[in-house]
Amino acid sequence: MQSPEPRRSQLFFFGLDKLGLIALKAPYVSAILIAIVTALAAVGVSRLTVDDSLSELFRTNTPEFRQYEEIDRRFPSSEYDVLVVVEGQGLLTKAGLEAFSRTAQELQLVDGVSGLVSMLSARGKPDASGYAAPIVPDELPEGAAFEALMASLKSNDIVKGKFLSDDGTLALIVIALDRAVVTEKTPKVAIGEIKQAADEQLQGSGLSARLTGAPVMQLEIRNAVERDRLVYNGLGFLAGFVIAYLFFRRLSLTLIAVLGPSIAILWTLGVLGSLDYRLNLFINVITPLILVSGFSDSMHLVFAIRRDVVAGVDRLTAARNAVRDVAPACLLTAMNAALALISFSFAESALIRTFGQAALMAVGISYLAVAIVVPTLAVFLIQKEEVPKKPVDQAHDGGIGFLHRLTTGVMRHVIQFPASYTIAGILAVIATGYAYVQLQPMYRLADQVPDKEQALEATGKLDQKLTGANPVHVMISWKGEGGAQPVSLYDSKTLDTIADVHRVVENKVGLGNVWSIDSLRRWLKEAGDDSIETVKKYVGILPEHLVRRFIAKEETAVLVTARVPDVDASEILPVVDRLDRELQTVREAHPGYEIAVTGLPAIAARNSAKLIGELNWGLVGDMFVIFIFLAIMLRSVLAGVTSILPSVFPIFATGALLWLAGEGLQFASIIAITVAFALAIDSTIHFQNRFRIEEGRPDGGTATDALLRTVEHIGPAVVLTTIVLALGLGVTMLSHLPSLRRFGELSAVCLLASLLAQLIILPASIALYRRHFPRRG
């Protein structure tokens, strides 16, 4: 069965839709080239590394982020603490405190630990010689003396609410890591040794230890990303392979359908690895993105090949016909997907911008791979004797036959009442669209971190019993000796400025666990001597790792640090804004000092809503550009107009589900919706392209006839693609990363909504349009 007419490339296709025909002219050469490129891609994949940064999402070319980077540079421990959360009912018993003390001592000896602070670091008032004895001595007293010691410890300003919970069942150890040692040993080994040391010392004591903090979270993110890439992608392809085989009942067709997108993924990851792109929360979405676009295109090509082979056409001719009929639509879907993703490439966030660039490459590589691999494999894997030559009507058996009868039945019913279904579609889009626009941006650090590991559990305990684990910093900086008016750290004006900032953070804004050099000054004041010389003396006595936590090495900047719980950024933003406003009076009173609020929670609070909003409106804007582009490329107003409802409905339906669940738009939500839109427009383009072909035949008949032939050609492919992709993307719901689970859930909803739109809203819209605007000629 020959294709009815040769089709020339569209103006902007540049012949790329004919790549499959070139491969079919020299299939052996094509197979060799595929093997060589695949081998090179495997080398590139081996070079892929993981980006576990918690701040990369908010990296922007703004003064706020540059201040955050400056803190990381000048105060190395500020964002690199390991927090050990020790918990148990017997913590403040003699045996519990001894076990805690042994743990702290052992942790201090772990290679890679430069120092630690805990409730055992608290000191009493200094004596006449300046020596301040520890509140908790090495040898613990008995009886009433021990009870008095515990009362003193629990009431100590340095300890209470900072290192020890009010109920006395949770204690915090803050560990400063030596970055050079940790880099050499790898974080996995260094953090593993810390956890092992804590568990060994606490064994049998009734106490438990959990680790959290940025290094621990980064390690868990890295482990989850690597595990998801290996396990869940494999499970997704296995599920897709099994389902495809159950419907095709032909191993050759199943292999062709699955190997196309598989090789596309390998090629894409190989290019990303060669270009030093790093795997992260968003780059990990590249695989399902290719799975969506690549598998859909592959299935349409395979269905077209299968139909001709079943009708008795030889495999080479069948492959050529499939390329002529289907490849233009595949290329058009890739071009439209690129338009949908292009807004990411211009995002302020470095992480999202990188994702946009990688996704654009992925879409292009995916098309090239599928367009070349599928026809080539068809030549070698489809054997004449595999499929008997029998009439097409008799070939619709098994799963394919069921899907054919289902989709044809739905189509016949829908096109009988096109106005009713189109109106229903419009009402559905309006209702779900209203819910979508009500969504508010949401962001929590917990969205990026595995929630089945220890870090989030420990963070939750700190949020519950202390003031939280996430640091908010106020950096105070000034010009040193090189300035026009040199200012010293130990100048009274500098110390007064620090004290004023400390009071604002602690009293006016009410943040907890506030630390600065003023904490030392207050302690010395209680002892009766807070003179500048005494402050300077004690700073010199303190361990280097502790001093550098609050005082820059060059002594031209200091930090006032508080900790906040891990709540949504919308709850933190008012606190950060209020802190900034309250500090304005301090800035006015001390004009020689720069005072800036920063830290990851502050950066996230200020930027997350803005970034999510930009991505959301960028996607909405891209939609309308795509519809215009689609009408131009298919040279059909019908295609542009009738594609609107079925393409936006899956997006709005997903948003409506989020709204009904009381949730908002997260970064993972935007990515999932974008991938779903890519699938929706993919299926829409294949449908529109096939309808254009069927309607353009000399014996095309009415629009109703063309619609029925269209669904006969691609109806089963659309349904089967949706089923396989739902399973392939659905396995991400098993991930330890909450954002990736959310991606899988939303993708499943979008896939279902997209299928309903393709089978009901799209044909109804086309039938109604043709009723009022018949085809000319």
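Begin by selecting strand β9 (residues 557–564) in this predicted model: eight of its eight residues are buried, so the strand is largely enclosed by the rest of the structure. With the side chains of β9 displayed, A557, L559, T561 and R563 point one way while V558, V560, A562 and V564 point the other way, and all of them are buried. This is the pattern to look for, because in a regular strand the side chains alternate between the two faces of the sheet.

Next, add the strands that pair with β9. Strand β7 (residues 470–477) runs antiparallel to β9 and is joined to it over eight bridges; to find the register, select V474, which stands opposite V560 in β9. Strand β8 (residues 512–515) also pairs with β9 in the antiparallel sense, here over two bridges, and W515 can be picked out as the bridge partner of T561.

Move now to helix α5 (residues 143–155). At 1.5 Å a residue, its 13 residues should span 18 Å, and the end C-alpha atoms are 19 Å apart, which agrees. Which residues of α5 are buried? Selecting F146, L149, M150 and L153 shows the buried set, and, seen down the axis of α5, these residues fall within an arc of 100°, so they line one face of the helix. The spacing is easy to follow in the viewer, because an α-helix has 3.6 residues a turn, so residues three or four places apart point the same way. On the other side of α5, A144 and E147 are exposed, whereas the cover over the buried residues includes α4 (94–108).

From there, go to F295, which is found in helix α10 (residues 286–310). Is F295 buried or exposed? With 2% relative accessibility, F295 counts as buried, because the cut-off for that class is under 20%. Leaving out residues up to four places away in sequence, F295 touches A257, V258, P261, I290, T721, V724 and L725. For a distance to check, the C-alpha atoms of F295 and I342, which are 47 residues apart along the chain, are separated by 21 Å.

Finish at V410 in helix α14 (residues 398–414). Its relative accessibility is 26%, so V410 counts as partly exposed. Apart from neighbours within four places in sequence, V410 is in contact with L759 and I760. Selecting V711 as well gives a last pair to inspect: V410 and V711 are 301 residues apart along the chain, and their C-alpha atoms are separated by 9.6 Å.

Key
Residues numbered from 1 in each chain as written. Predicted model: local features only at pLDDT ≥ 70, side-chain atom pairs only at ≥ 80, totals over all residues. Heavy atoms only, no water. Helix = DSSP H or I, 4+ residues; strand = E, 2+ residues; numbered from the N terminus. Buried < 20%, exposed > 50% of the residue type's maximum accessible area, 1.4 Å probe, protein only. Contact = heavy atoms within 4.5 Å. Expected span 1.5 Å × (residues − 1). Arc of directions from axis to C-beta. Pairing = 2+ DSSP bridges.
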